[in-house]
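The exercises below ask the reader to work through burial, salt bridges and a domain record, each followed by a stepwise solution.

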Amino acid sequence: MAYDATTLPDVSGLTVGIIGGTGDQGRGLAYRFARAGQTVLIGSRAADRAAQAAAEIAALPGMPAGVAVSGADNDEVARRSDVVIVAVPWDGHAATVAALAEPLAGKIVVDCVNPLGFDKQGPYALTVAEGSAVQQAAALLPDSRVCAAFNHVSAPLLADPEVDRIDLDVLICTEDRDLVGVVAALAARIPGMRGIYAGRLRNAHQIEAFTANLIAINKRYKAHAGIRVTDL
């Protein structure tokens, strides 16, 4: 079955919350979704930092009139959002996710965290007891609908107002097949992106780990490489 964007659900009315929205990846995703007209909530441990980041994003070029971008602490963002993207540093992943289990119950949770270490030879994949970051999130959020997505999207491209299209595929791993369409539709809100089902949560480890290869590619070729799946 070929990829068919016309079958995707309408997600324009969903509120997207970003836990870790003051970091590079979180800010970039927030900007792109808000630029597409999505209501966006920026989350941080400190509400004032989140509010400052939201104001800065709202002032960026390309933002449509009337789009809502606001900031609050992580707990409030989790409660007020329909879809929550987890974009926190790996070393704080477990603690942050576990603390939000109650407000995230029943919510769609998209984990884009890549467990990587760095040494003098560059980045490398870390061993995660649960198998991957998203499997750790799923174990900590038994009442949420969890998937992995947006792991390979370049933060500099997301944040650059001069970039109109980001031509890549977002690989989605989840046990919840109905969730694939929602996340793919969100990806499609960003011009050039497609959301592609890439298997169950157990297949997310190699997707997270592949980010180390992309960093090596970017360093060698001075690029912002992404993934495109052929024959779809």
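Is Arg145 buried, partly exposed or exposed? Arg145 has a relative accessible area of 32% and is therefore partly exposed, where buried means under 20% relative accessible area, exposed over 50%, and partly exposed in between (1.4 Å probe, protein chains only).

The model is predicted, so that local features need pLDDT of at least 70 and side-chain atom pairs count only at pLDDT 80 or more, while totals for chains, interfaces and linings use all residues. Residues are numbered from 1 along each chain as its sequence is written, and side-chain values use heavy atoms, with hydrogens and water left out.

**Exercise 1.** Identify the salt-bridge partner of Arg145 and locate both residues in the chain.

*Solution.* Arg145 forms a salt bridge (a side-chain nitrogen of Lys or Arg within 4 Å of a carboxyl oxygen of Asp or Glu) with Asp176, and the closest N and O atoms are 2.7 Å apart. The pair links distant parts of the chain, 31 residues apart, since Arg145 belongs to strand S8 (residues 145-148) and Asp176 to the loop between S9 and helix H7 (177-188); helices (H or I, at least four residues) and strands (E, at least two) are DSSP runs, numbered from the N terminus. Asp176, at 22% relative accessibility, is likewise partly exposed.

**Exercise 2.** Describe the surroundings of Asp169, beginning with its burial and ending with its network.

*Solution.* First, Asp169 is found in strand S9 (residues 168-174) and is buried, with a relative accessible area of 2%. Next, leaving aside residues up to four places away in sequence, Asp169 touches (heavy atoms within 4.5 Å) Arg194, Ile196, Ile227, Arg228 and Val229. A polar atom of the Asp169 side chain also lies 2.6 Å from the backbone nitrogen of Val229.

Then consider charge: Arg228 forms a salt bridge with Asp169, with 2.5 Å between the closest N and O atoms. Because Arg228 lies in the segment after helix H8 (204-221) and Asp169 in strand S9, the pair ties together parts that are 59 residues apart in sequence. Arg228 is partly exposed at 39% relative accessibility, whereas Asp169 is buried. Finally, salt bridges that share partners join Arg165, Asp167, Asp169, Arg194 and Arg228 into one network.

**Exercise 3.** State how many salt bridges the structure holds, and characterise the one between Arg165 and Asp167.

*Solution.* The structure holds 11 salt bridges. In one of them, the side chains of Arg165 and Asp167 meet at 2.8 Å, N to O, and Asp167 is partly exposed at 49% relative accessibility.

Note on methods
Polar contact = N/O pair within 3.5 Å; in protein donor to acceptor, adjacent residues only side chain to side chain.
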